[in-house]
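Work through these exercises with the sequence and the structure side by side. Try each task before you read its solution.

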Amino acid sequence: MRTINALLLLLIAGALISCDSALDENPSGRLSGDQFDTPNRVEGLVTAAYAALGNGHWDASTYTDPWPWGSVRSDNSYKGGGSVADQGVYNNYEQFSSIRTDLDKADQFWFKSYQGISRANLAIEKLGQISEEEFPMKTRRIAEARFIRGHFHFMLKIMFKHVPYVEANEEKALKNVSNREFTSQELWDKIASDFQFAANNLPPSQPEPGRVDQWAAKAYLAKTRLYQAYRQDDNNQVVEIQDDKLQEVVQLVDELEASGEFELFNDIRKNFLWEFDNTDGGETVFAVQRSRNDGTVRGRVNMENALNYPMNSGFGCCWFHIPSQNFVNSFQTNSEGLPKFDTFNQNSLTEPQDFQQNTVDPRLDHTVALEGHPFKYDNNHIYNPDVWARAPATYGTYTSMKGLQPVGSPAVQQVVFFYASSKNNDVIRYADVLLWKAEALIELGREGEALPIINRIRNRAANSKVKEANGENVSNYNIEPYRDGQNINWTQETAREALRYERRMELGMEGWRFFDLVRWGIAAETLDDYFETEKQRRSYLQDARFQEGRDEYLPIPQQQIDFSDGTYVQNPGWPGG
């Protein structure tokens, strides 16, 4: 996918206005499906389904930029903001021990996701009632709608594990579709079937920017099979890694590689700057198109990360999603340019001189704003935590950068008190896809084939040094590829450790870390270790505690259980579960 015109997304978005619940059988304030019986109107329904992808907001519908759920709940970041009470529900999720089943953020995520599914299903239903003769694009548009439906179900699955799978032409009232109708593995198969249909019926490229294509579908199918490969028991423990699913991941990524459609940017920064959006032959596999100055009131800017800009005069609000000290420390490298796998957290990098006296992976300066370093590669704006950080006594002095744009960027727009940008947000980028393949190969016992893939990512990182105005590196960089028998003994065990570390370095602060930990079955051990040390650095984490067998997934929102009249079954470990 290359990314859909944001203005087109607005053509019919208002036609599907929500009611009291996304699962209401007959929502009020919504146009009847009978009003969409012509090709143009059915086309509009597909556009409305695309619009749902861009309607996310930091209020909890962060289903394309999931920083509150995948970063804040991991060892990568703190909630941030002005205090622990600022957007305090996210603090509950960060600390785990204070999560309740009735917290509103998870309920909103559920609600908004099923709104998106409802739009996709209405489009699928009405497309099914029109002939190919009337609308030659019928099958392609059904495939697009099924891709969108697959995305929302995927996000719900990794958040809650057991969710209702809702299809078009559902005869029962939606609130009566059980969230245990399918086993966990069967639910993965249902989600995969949407991406498989899309892969089978979409072209390799689309004439309009932004419509999903065959490669986006195959990539999302590979991601689904990778998650499914790690079969869990009822207590969320990984009990089997399924070779057939891993082999499918390898095959699908092989097809993406052979297509010639994608390539790693020569510098990682291009993934995170607005001016490199929609680059042919670039790294975007699936992204949500953003825009501003498009004739609408505020454009289609990314409100999902609008809380995260720092407090300097160029932005002004609100400094959420703050890199943890553990995360910053993890970028340290040893004398051979490899990660300090087991010892990185024994000393902390906190002062400006620490980043010169110790060697680090260059991706640190693409991900974290550090005192005295240029913010987003702009040597005219040097990061000063005394001005830019909002609550350093609570959350430290760093700021996340990947989802933000530079001060003064044409992509940035103020929306009331907040700032947002028209930078497309990548949901799947090519480096992520390549690392899925490496992971699958390692678990298949083919770690030798994974070595050049991981080194390909590391070599790009080595070529992505950030410079001061005088041309000097802003940090003391030292990163090298893995060389079997020289700087590492490349076994399945060491390859697995290297792969997991590489994902943290490459994809840190992009919202997927927690979901990786759960997939691998190491969330409890990782977060127990993280909290043990991090609560000594950040006093607000004193009560943080991860409960194994429960906290891998959020509880089914009590509001939704009540609405379903008890049809939904609560997850294990939670009251009523």
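What is the handedness of the disulfide of C317 and C318? Bear in mind throughout that this is a predicted model.

**Exercise 1. Describe the disulfide.**

Solution.
- Step 1: Find the bond. C317 is joined to C318 by a disulfide, with an S to S distance of 1.6 Å.
- Step 2: Apply the cut-off. Two cysteine sulfur atoms within 2.5 Å are taken as a disulfide. By this rule, the count is 1 disulfide.
- Step 3: Read the torsion. About the S-S bond of C317 and C318 it is about 60°, so the disulfide is right-handed.
- Step 4: Check the surroundings. C317 has a relative accessible area of 12% and is buried. C318 is buried as well, at 5% relative accessibility.

**Exercise 2. Characterise the overall build of the protein chain.**

Solution.
- Step 1: Take the secondary structure. The protein chain has 19 helices and 12 strands.
- Step 2: Judge compactness. The radius of gyration is 23 Å, close to the 25 Å that the globule rule gives for 577 residues, so the protein chain is as compact as a globular protein of that length.
- Step 3: Take the dimensions. Along the principal axes, the C-alpha atoms fill a box of roughly 70 × 50 × 50 Å.
- Step 4: Look at burial. Of the 577 residues, 63% are buried.
- Step 5: Look at the surface. The accessible surface comes to about 20,200 Å². Carbon and sulfur atoms account for 43% of that surface.

**Exercise 3. Locate D277 and explain what its salt bridge ties together.**

Solution.
- Step 1: Place the residue. D277 sits in the loop between α8 (243-259) and β4 (284-288).
- Step 2: Classify D277. Its relative accessibility is 15%, and the limit for buried is under 20%, so D277 counts as buried.
- Step 3: List the contacts. Beyond neighbours within four places in sequence, D277 is in contact with S422, K423 and N424.
- Step 4: Pick out the charged partner. D277 and K423 form a salt bridge, with the closest N and O atoms 2.9 Å apart.
- Step 5: Trace the two ends. K423 lies in the loop between β11 (418-421) and β12 (425-429), and D277 in the loop between α8 and β4, so the pair ties together parts that are 146 residues apart in sequence.
- Step 6: Classify the partner. K423 is buried, with a relative accessible area of 8%.

**Exercise 4. Survey other salt bridges in the model.**

Solution.
- Step 1: Recall the principle. Side chains of opposite charge can pair when their charged atoms come close.
- Step 2: Count. The total is 43 salt bridges.
- Step 3: Take R141 and E43. Their side chains form a salt bridge at 2.6 Å, N to O. R141 is in helix α5 (residues 138-160) and E43 in helix α1 (residues 39-53), so this pair ties together parts that are 98 residues apart in sequence. R141 is buried, at 3% relative accessibility.
- Step 4: Take R231 and E240. The closest N and O atoms of this salt bridge are 2.7 Å apart. R231 is partly exposed at 31% relative accessibility. E240 is partly exposed too, at 35%.
- Step 5: Look for a network. Salt bridges link E283, D361, R363, K402, R429, R458, R460, E502, E506 and E510.

**Exercise 5. Is D516 buried or exposed, and what does it touch?**

Solution.
- Step 1: Place the residue. D516 belongs to helix α17 (residues 513-520).
- Step 2: Read the accessibility. D516 has a relative accessible area of 3% and is buried.
- Step 3: Find the polar partner. Its side chain makes a polar contact with the side chain of R519 (2.9 Å).
- Step 4: Go beyond four places in sequence. There, D516 is in contact with Y227 and R503.

**Exercise 6. Work out the setting of Q570.**

Solution.
- Step 1: Place the residue. Q570 is in the segment after α19 (558-563).
- Step 2: Read the accessibility. Q570 is buried, at 4% relative accessible area.
- Step 3: Find the backbone partner. A polar atom of the Q570 side chain lies 2.7 Å from the backbone nitrogen of I556.
- Step 4: Widen the view. Leaving out residues up to four places away in sequence, Q570 touches several others, including T101, R180, P555 and G577.

Technical notes
Residues are numbered from 1 along each chain as its sequence is written. This is a predicted model: local features need pLDDT of at least 70, side-chain atom pairs count only at pLDDT 80 or more; totals for chains, interfaces and linings use all residues. Side-chain values use heavy atoms; hydrogens and water are left out. Helices (H or I, at least four residues) and strands (E, at least two) are DSSP runs, numbered from the N terminus. Buried means under 20% relative accessible area, exposed over 50%, partly exposed in between (1.4 Å probe, protein chains only). Contact means heavy atoms within 4.5 Å. A salt bridge is a side-chain nitrogen of Lys or Arg within 4 Å of a carboxyl oxygen of Asp or Glu. The radius of gyration is taken over C-alpha atoms; the globule rule is 2.2 Å times the number of residues to the power 0.38. Accessible areas come from the Shrake-Rupley method with a 1.4 Å probe; for residues, only the protein chains shown count as cover. A polar contact is a pair of N or O atoms within 3.5 Å; within protein, one must be able to donate a hydrogen and the other to accept it, and residues adjacent in sequence count only if both atoms are side-chain atoms.
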